[in-house]
Amino acid sequence: MQTMRRIVDRFHLSESVVLGGAAVVVGLASGAGVWLFKGLINLAQLAASDGLGVELGRVAAWLVVLVPVIGGLAVGLLAHFFIGTERHHGVAGIMEAAALSGGRLRWKRMPIKTVAAALSIGFGASVGPEDPSVQIGAGLGSMVGQAVRLSDERVRALVAAGAAGGIAAAFNAPIAGVFFALEIILGEISGSALGIVLLAAVISAVFTQAVSGAQPAFHIPAYAFKSAAELPLYLGLGLLAGPVAALYVRLLYLAQDGFHRWHIPSWLKPAAAGLAVGLVGLFLPQVMGVGYEVIEQVLGGGQLALGLLLALLVAKLILTPISIGGGFPGGVFAPSLFVGAVLGAAYGLLLDQLFPALNVAPAALALVGMAAVLAGAVHAPLTAILLLFEMTNDYRIILPLMFAVFVSLAVSRRIQPDSVYALGLARKGIRLQHGRDVDVLDGLRVSEVMQPDPLVLYELDTLSKAVDTLTTTHRQGLPVLNAAEALVGILTVQDIDRALAGPEPANLNVGEVCSRDLLTAYPDESVGATLRRMSARDIGRLPVVSRRDPRQLVGLLRRNEVVGAYDAALTRRAAQRHSVQHARLDSHVPPGVLVESFRVLAGAACTNQAVAAVAWPRDCLLVSLRRGRETVIPRGDTIIQAGDTIVAAGDANSLKSVQQLCELPPAA
């Protein structure tokens, strides 16, 4: 790394030349890295099937279930001793680093993580090769960017370039690689990084085609789009693919939560997941591993029974979350393609049995289903469309494919607003827009700051009663409900003033005076977007209603709550900046050293103590301390207070001692 920096300094190279050269290096290294990764997968498959599987099968046929168990044990031990705790799985971690820490990744752990991923796939875990491929490319991009001491923005661009190179090499799909980097890693299609990403993807694809050939990933017959009359069939497929994709995303995180709550040694969890894979694999061996053979069989018109296709669909939807949740490193792309292929084929077979006159081609629907489920899971429609086009090298079915992708994405977002990657970040309090940290109030949801179960008025209330209520509660306006508890309007002081200026105000009721032209908010909207709407119409309050029923009042958002929310958002922003520092440090620590955050509870052993007065474990370093919106470097005379958040580095045992000091009272 120092050699690269000396070359740049010696020849006084311009920034554009440095970036172009770095992109070439990253693209070439990404292609070579993924090529080696594929070779490792082949070796692992040979060891698992032709070696271990054969020997176990000679003892008893059912013992082959132990193959993924042994693979899981090896992966668990590698992760425990050499990789350590990961903040986010796969691509989500790259997204976080690109947005929050200038693209600085833990690239030194990349070789051992690559070996672990190859073992996972080779020994049958239901995961894909694309996440590790992206991590290889992104890690190389981060390494090169840091080696030549580029700015955060340039390192971030090289990380995206490496990710594009990884996808280009994994699927022989350079165009999809570019859009993957732009849609998912950077979060924007345009920008100064576009040229670097393009160059790296091209170089990676050229290397891959030179060593592996230019053939597409799947060889399929020609499927043509005959007429617009076929579009309803693809509409139905999109309506099926969307819920399946949303279910896939939710199952992934349910499985992760389940394994996280399971109190067994972390290195045993992949073995437990491998046992589930092995047991199902006894009856459905097609779901083990990447599953490209099944996809090619389906796309080639191979006849699989409807019952078998449905069984494969359910098994893959369950085993992939179990594999990833249990700790097998791998991707969600290939399982999405598998699920989409068998879903489309099953849908096509069912249509053919019910309506034989339609002359349906199940394989064509399987091809479109692949892109539809993938787009619904990762929320990257251009990547899904172009990936399928490049993997099959067939343009003739692109129109129904685009249509089904649009429908699936719309339905999936309605059910599950966050993608498979964004949901992991959102659960940690990180919401990205256009690859950047969102504006300060856009990080808060309306449901977090609204007034639930607000005071209300009813249509038949007299105007005098309404005046008394507003006066005694010091309110400027209140929502109005009808006798069925449905929202019908809002009554403000201005509405009352207008009514009192008219004839016979004493005979009026609230329903005759209130404003019925309502502007409302939803609980899952951002406070920033809601505030912009309020400002545009100079409104001081908004009723908050359910998305399912716009007349169901669930809360009230007032300007006062927004002002309070601003302070809360500033505190959250400080916490996220603290998280950035955490991520930067996390990318530089050696294997075996962990970085964790601990919140100091009232009454804990270290509360109200100077740092120097606390008996910290020897193999531990206090890195930083966050108090409200401030982040400070702890010194000996720094007084620790309840509510502080301490970041510490050390091994697992020392960090456990730090946690006890921050959370437990002093020993008697």
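Start with the whole protein on screen: of its 668 residues, 53% are buried, where buried means under 20% relative accessible area, exposed means over 50% and partly exposed is in between (1.4 Å probe, protein chains only). You are looking at a predicted model, in which local features need pLDDT of at least 70, side-chain atom pairs count only at pLDDT 80 or more, and totals for chains, interfaces and linings use all residues. Residues are numbered from 1 along each chain as its sequence is written, and side-chain values use heavy atoms, with hydrogens and water left out.

Switch to a cartoon view, and you will find 25 helices and 12 strands. Helices (H or I, at least four residues) and strands (E, at least two) are DSSP runs, numbered from the N terminus. Among contacts (heavy atoms within 4.5 Å) between residues at least 6 apart in sequence, 76% join residues at least 24 apart.

**First stop: H6 and H7**

Two packed helices are described by the angle between their axes and the distance between the axes. Select residues 130-147 for helix H6 and residues 152-171 for helix H7; their axes come within 7 Å and cross at roughly 145 degrees. Axes here are lines fitted to C-alpha atoms, for helices over the stretch in contact, and angles run from 0 to 180 degrees between N-to-C directions. Show the side chains where the two helices touch: among them are Val134 and Ala138 of H6, and Leu158 and Ala163 of H7. By class, this contact has 10 nonpolar, 8 polar and 1 charged residues. Ala, Val, Leu, Ile, Met, Phe, Trp, Tyr, Cys and Pro count as nonpolar, Asp, Glu, Lys and Arg as charged, and the others, Gly among them, as polar.

**Second stop: H7 and H9**

Keep H7 and add residues 194-212, which form helix H9; this pair packs at about 30 degrees, with axes 8 Å apart. That makes H7 roughly parallel to H9, a label for angles under 35 degrees, while those over 145 count as roughly antiparallel, 65 to 115 as roughly perpendicular and the rest as oblique. Where they meet, look for residues including Ala161 and Ala164 in H7, and Ala200 and Ser204 in H9. This contact has 12 nonpolar, 3 polar and no charged residues.

**Third stop: H4 and H8**

Now select residues 91-100, helix H4, and residues 174-186, helix H8, whose axes lie 9 Å apart at an angle of about 70 degrees. H4 and H8 are therefore roughly perpendicular to each other. Val91, Ile94, Met95 and Ala98 of H4 touch Phe180, Ile184 and Ile185 of H8. By class, the contact has 7 nonpolar, no polar and no charged residues.

Stay with H8 for a moment. Is H8 mostly covered or not? In H8, 10 of the 13 residues are buried, including Pro174, Phe180 and Leu186. From its first C-alpha to its last, H8 reaches 17 Å, close to the 18 Å expected at 1.5 Å a residue; the expected span is 1.5 Å times one less than the number of residues. Just after H8 comes Gly187, with a positive phi near 80 degrees.

**Last stop: two loop residues**

Go to His379, in the loop between helix H15 (362-378) and helix H16 (381-392). His379 has a positive phi of about 55 degrees although it is not a glycine, and it is buried, with a relative accessible area of 13%. Finish at Glu485, in the loop between strand S5 (477-481) and strand S6 (487-492). Glu485 is not a glycine either, yet its phi is positive, about 65 degrees. Is Glu485 buried or partly exposed? Glu485 is partly exposed, with a relative accessible area of 45%.
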